[in-house]
Amino acid sequence: MGILNIQPGNPETRKPGNPETRKPGNPETRKPGNPETRKPGNPETRSVYGLSQQWLVRDGVVIPSAVVLSHDEQYGRLAELTPDALSVAVVGGDPCFDRMRASIAHRARYRAVLGAHSDTTVVAVSSTWGSNSLLGRHLDLIGDLLAELSIDEHLVAAILHPNTWFAHGPLQIRHWLSEYLRAGLRLVPPAVGWQHTIVAADVVLGDHGAVTGYSAAIGRPTLLATFPDHDVAPGSVIEALGKSAPHVDFRQSLHEQLHRAIGDYEPDQFHTVRELTSSIPDESARTLRQVFYQLMDLPEPDRAAVVRPFDPSELTIEDGIACAALVSAELSSDASVHVTRWPADVTSHHSALHEAADIHLVVRSDHPQRDLLTHAAILTHQNPPNDMHADQALAEIMANYPACRLAVVANSERTGVLRHRNGDTATAEVVDGPGDVALAGSAIHAWLASGRPWPTLPDKIVITHGPFRTSIQLSVTVPMVT
């Protein structure tokens, strides 16, 4: 028995019926060192991975017992390239596509694992491999995206093709993306999790790779950061993607284009992409099980074939946490502050922070970049050791960083102690809403910047940040003057 279109070490191409990994010119499926797969003299006929003579025939004999195709369109390609193999061809649909469709009901669970709330806009960035991929053409795009999107409203997750991971090595990939991880990027591992992430996403920014094709096929608003037409087969599902998805204009704000793609999305926008992904949607498990049992010459079970949703526990990510933020805090009333935060490790000319007033820098004390630490107006210290009192941690921050005006020591995500350089102190507790005590530091910064003194801080302050509303209880102490 042999099922073609299986490439060891590449999880995207192991799945029978994957519509993208059988298309000519797709850099995900090219062998290294063979960048051009067109047949000489005929630009429209290309050697298709898994369907051409070199993959199926040896000494004039068709080798596989079955060739699984996801769509009737591939059957036509096989008839043109290797007609002798038609006798073993099976249009078996796409199991990965079917599982993703079955997983949509679990979308909220995947989003929770990523760290997204119901009101968070999840942006998935997908790059195939090679010089024509998203990262190959626009290496800084992820950083530009993170810089434009406020921390509290957005979450960015990156999906990189396994060939990218293992051509350069996981350590090198993490090194290249280290500042993006400090800016809050979620990095999806190469083998498992990309399907969960695409289902969880509100919008996908991609290229001509398989993952981007799947995102459109399951109904996600999708934009193309790069799309090399010469690498895409005429009549293929990815050609349909290129015709129906908006292309990024790098002269304009990425934030605006992403939200425009979400707002303008129509359910039938990617109808052709969906239709070309599988000829038998939701039927691949039944069809393929029948083929497998026939090949084994065994009776097929009488119960229905199972299509399993992707398990949320399989989604493990590099959990990016924004360690430094540029913050705009505006006092809107005596007990209400509006806060907007952008990651400070990345910059973009299109970021809205350039239009914001009274920007201050908030940095965690364990940040590895010293210039950010030494310029921070607010420094936060997370969970001091059991043998270190909060007073000691606050004193060390003030002694080590003269530019710091306000120090925050968080005993937990919800509680902490704050101290101004002049000695004024307050304890803070998040009593309602999603937020951390670092928000209290920015709220107090806005209070003092408005000319109000520390002793007049309210007992409770309400902070709006993105779509969220967080209430923080304050207990203010003022040092006695002797």
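Before I start, one definition: two strands count as paired if DSSP finds at least two bridges between them. With that in hand, and keeping in mind that everything here comes from a predicted model, let me begin with the parallel sheet.

This is an open sheet of 5 strands, in the order β9-β8-β7-β10-β11, with parallel pairing. Its edge strands are β9, residues 186-188, and β11, residues 222-224, each of which pairs on one side only. On average, neighbouring strands of this sheet are turned by 20 degrees against each other, if we ignore direction. At the β9 edge, strand β8, which covers residues 154-160, pairs with β9 in the parallel sense over 3 bridges, and there A157 stands opposite R186 of β9.

Now to the helices, where α6, residues 141-148, and α13, residues 254-264, have axes that come within 9 Å and cross at roughly 85 degrees. Since angles of 65 to 115 degrees count as roughly perpendicular, α6 and α13 are therefore roughly perpendicular to each other. From α6 the contact uses L141, D144, L145 and E148, while α13 contributes L254, H255 and L258; by class, that makes 4 nonpolar, 1 polar and 2 charged residues.

Finally, the antiparallel part, in which β17, residues 415-420, is joined to β18, residues 425-432, by 5 bridges, with L418 opposite A426 of β18. The hairpin of these two strands has 4 residues between them, and in it G423 takes a positive phi near 105 degrees. Strand β18 also pairs with β20, residues 468-477, in the antiparallel sense over 7 bridges, and T425 has T477 of β20 as its bridge partner.

Technical notes:
Residues numbered from 1 in each chain as written. Predicted model: local features only at pLDDT ≥ 70, side-chain atom pairs only at ≥ 80, totals over all residues. Heavy atoms only, no water. Axes fitted to C-alpha atoms, helices over the stretch in contact; angles between N-to-C directions. Parallel < 35°, antiparallel > 145°, perpendicular 65-115°, else oblique. Contact = heavy atoms within 4.5 Å. Nonpolar A, V, L, I, M, F, W, Y, C, P; charged D, E, K, R; others polar.
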